[in-house]
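Subject: Structure handover

Hello,

Here is the structure for you to look over. My notes on what was found follow below it.

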Amino acid sequence: MSERHPIIAITGSSGAGTTSVTRTFENIFRREQVRSVIVEGDSFHRYDRNEMRVRLAAAEAAGDNNFSHFGPDTNLFQELESLFADYARTGTGKRRKYLHDSGEAAPYQQEPGTFTPWETLPADNDLLFYEGLHGGVITDQVNIAQHPDLLIGVVPVINLEWIQKLWRDKSKRGYSTEAVTDTILRRMPDYVNYICPQFSHTHVNFQRVPCVDTSNPFIAREIPAPDESLVVIRFANPKGIDFPYLLNMVHDSFMSRANTIVVPGGKMELAMQLIFTPFILRMMERKKRAAAAL
């Protein structure tokens, strides 16, 4: 953690909704004129798309049916921790981009599914913002969770997470239900060992809970709408959180535990704005004081 060079990390599984949370933070940054430098978790995968396919085929041929993007063998955990540590200490570090599709790849004149070269972070920034799979990972070799000043988990209930992944991969990537199901099953051990434990290290968790029947996510025709769900917001340390203010500002919200507030699904962005805008402003004020003390 660093007052001079703060880090915010959003962590969650593929299909959890971290991208939507990132858009909310981008709105806060733009409104409050905070200069963030963005780091994408996908850029710390070890293999590009074609090499991952080769590695996956080799693993399956060897009888390994659990080779996935979630585990340490296919990710650069040490490099990600080094980035966080370097940024917290000096305000700089190295990043690259993963080019998901032809639109992202065109400006770089590269193929989709490849990485751009590593580059130094721009110097003119106020904070580092990470969004991806592993912002809170702890293993025997790394402790990434120790570095963010604000670590946020985004984790829908599992059936909803699967529905969101199925819908995205089928509608936007052209995968079949069977192919997505195979991916979910293959990733399960790494999901249990490397994704779930992160949510015990986060400062705040957002968990969307549908209020409609999602008993069989593999036959769902659409993602439950925000108004068909509730969002459970859990604070690891509720000290300083103005719960009466949040209850007054977010209609139909309620406290379920001393450190947990539940809000209507359609009010999640509002709740995030109310919770995190003051936090970011305090973060920027501490940054100014730390710089002035030098």
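**Aromatic pairs and other findings**

Tyr194 has a relative accessible area of 23%, so its side chain falls in the partly exposed class. Please keep in mind throughout that this is a predicted model.

Tyr194 is worth starting with for its ring contact. The whole structure holds 12 aromatic pairs according to the search. In one of them, Phe77 and Tyr194 form a tilted pair, with 6.5 Å from centre to centre and 55 degrees between the planes. This pair links distant parts of the chain: Phe77 belongs to helix H3 (residues 77-90) and Tyr194 to helix H6 (residues 177-195), with their positions 117 residues apart. Phe77 counts as buried because its relative accessibility is 6%, and buried means under 20%. Tyr194, at 23%, is partly exposed.

Tyr98 and Phe115 form another aromatic pair that is tilted, at 5.3 Å centre to centre and with 55 degrees between the planes. Tyr98 sits in the loop between strand S3 (94-95) and helix H4 (102-105), and Phe115 in the loop between H4 and strand S4 (119-120), so the pair ties together parts that are 17 residues apart in sequence. Both Tyr98 and Phe115 are buried.

There is also an aromatic cluster, made up of Phe25, Phe29, Phe129, Phe206 and Phe276.

**Salt bridges**

How many salt bridges are there? The count comes to nine. Among them are the following.

- Arg31 and Glu32: their side chains meet in a salt bridge, 3.1 Å from N to O. Arg31 is partly exposed because its relative accessibility is 45%, and Glu32 is partly exposed at 28%.
- Glu51 and Arg55: the N to O distance in this salt bridge is 3.3 Å. Both residues lie in helix H2, four residues apart, which is about one turn of the helix. Glu51 has a relative accessibility of 33% and therefore counts as partly exposed; Arg55, at 37%, is partly exposed.
- Arg168 and Asp169: the side chains meet in a salt bridge at 3.0 Å, N to O. Asp169 is buried, with 2% relative accessibility, whereas Arg168 is partly exposed at 21%.

Arg35, Asp124 and Asp126 are joined into one network by salt bridges that share partners.

**Negative patch**

Which residues gather in a patch of negative charge on the surface? They are Glu60, Asp64, Asp73, Glu178 and Asp182. Glu60 is found in helix H2, which spans residues 49-61. Helix H2 is also where the salt bridge partners Arg55 and Glu51 lie. The relative accessibility of Glu60 is 41%, so this residue counts as partly exposed.

**Positive phi angles**

Two residues that are not glycines deserve a look in the backbone.

- Gln109 is not a glycine, yet has a positive phi of about 55 degrees. Gln109 is placed in the loop between H4 and S4, the loop that also holds Phe115. Is Gln109 buried or exposed? With a relative accessible area of 77%, Gln109 is exposed, since exposed means over 50%.
- Asp252 is not a glycine either, and its phi is positive at about 70 degrees. Asp252 lies in the loop between helix H7 (243-249) and strand S9 (254-257). Asp252 is exposed because its relative accessible area is 54%.

**A strand residue and a distant partner**

Phe235 lies in strand S8, residues 229-235. With 2% relative accessibility, Phe235 counts as buried. How far apart are Phe235 and Thr260 in space? The C-alpha to C-alpha distance is 6.3 Å, while in sequence the two residues are 25 apart.

Regards

Definitions and conventions: Residues are numbered from 1 along each chain as its sequence is written. This is a predicted model: local features need pLDDT of at least 70, side-chain atom pairs count only at pLDDT 80 or more; totals for chains, interfaces and linings use all residues. Side-chain values use heavy atoms; hydrogens and water are left out. Patches are made of residues with over 30% relative accessible area and no salt bridge: like charges are joined within 9 Å, nonpolar side chains (Val, Leu, Ile, Met, Phe, Trp, Tyr) within 5 Å. Accessible areas come from the Shrake-Rupley method with a 1.4 Å probe; for residues, only the protein chains shown count as cover. A salt bridge is a side-chain nitrogen of Lys or Arg within 4 Å of a carboxyl oxygen of Asp or Glu. Lys and Arg count as positive and Asp and Glu as negative; His and the chain ends are not counted. The place of a charge is taken as NZ of Lys, CZ of Arg, CG of Asp or CD of Glu. Buried means under 20% relative accessible area, exposed over 50%, partly exposed in between (1.4 Å probe, protein chains only). Rings of Phe, Tyr and Trp (its six-membered ring) pair if their centres lie within 6.5 Å; planes under 30 degrees apart count as stacked, over 60 as edge-to-face and the rest as tilted.
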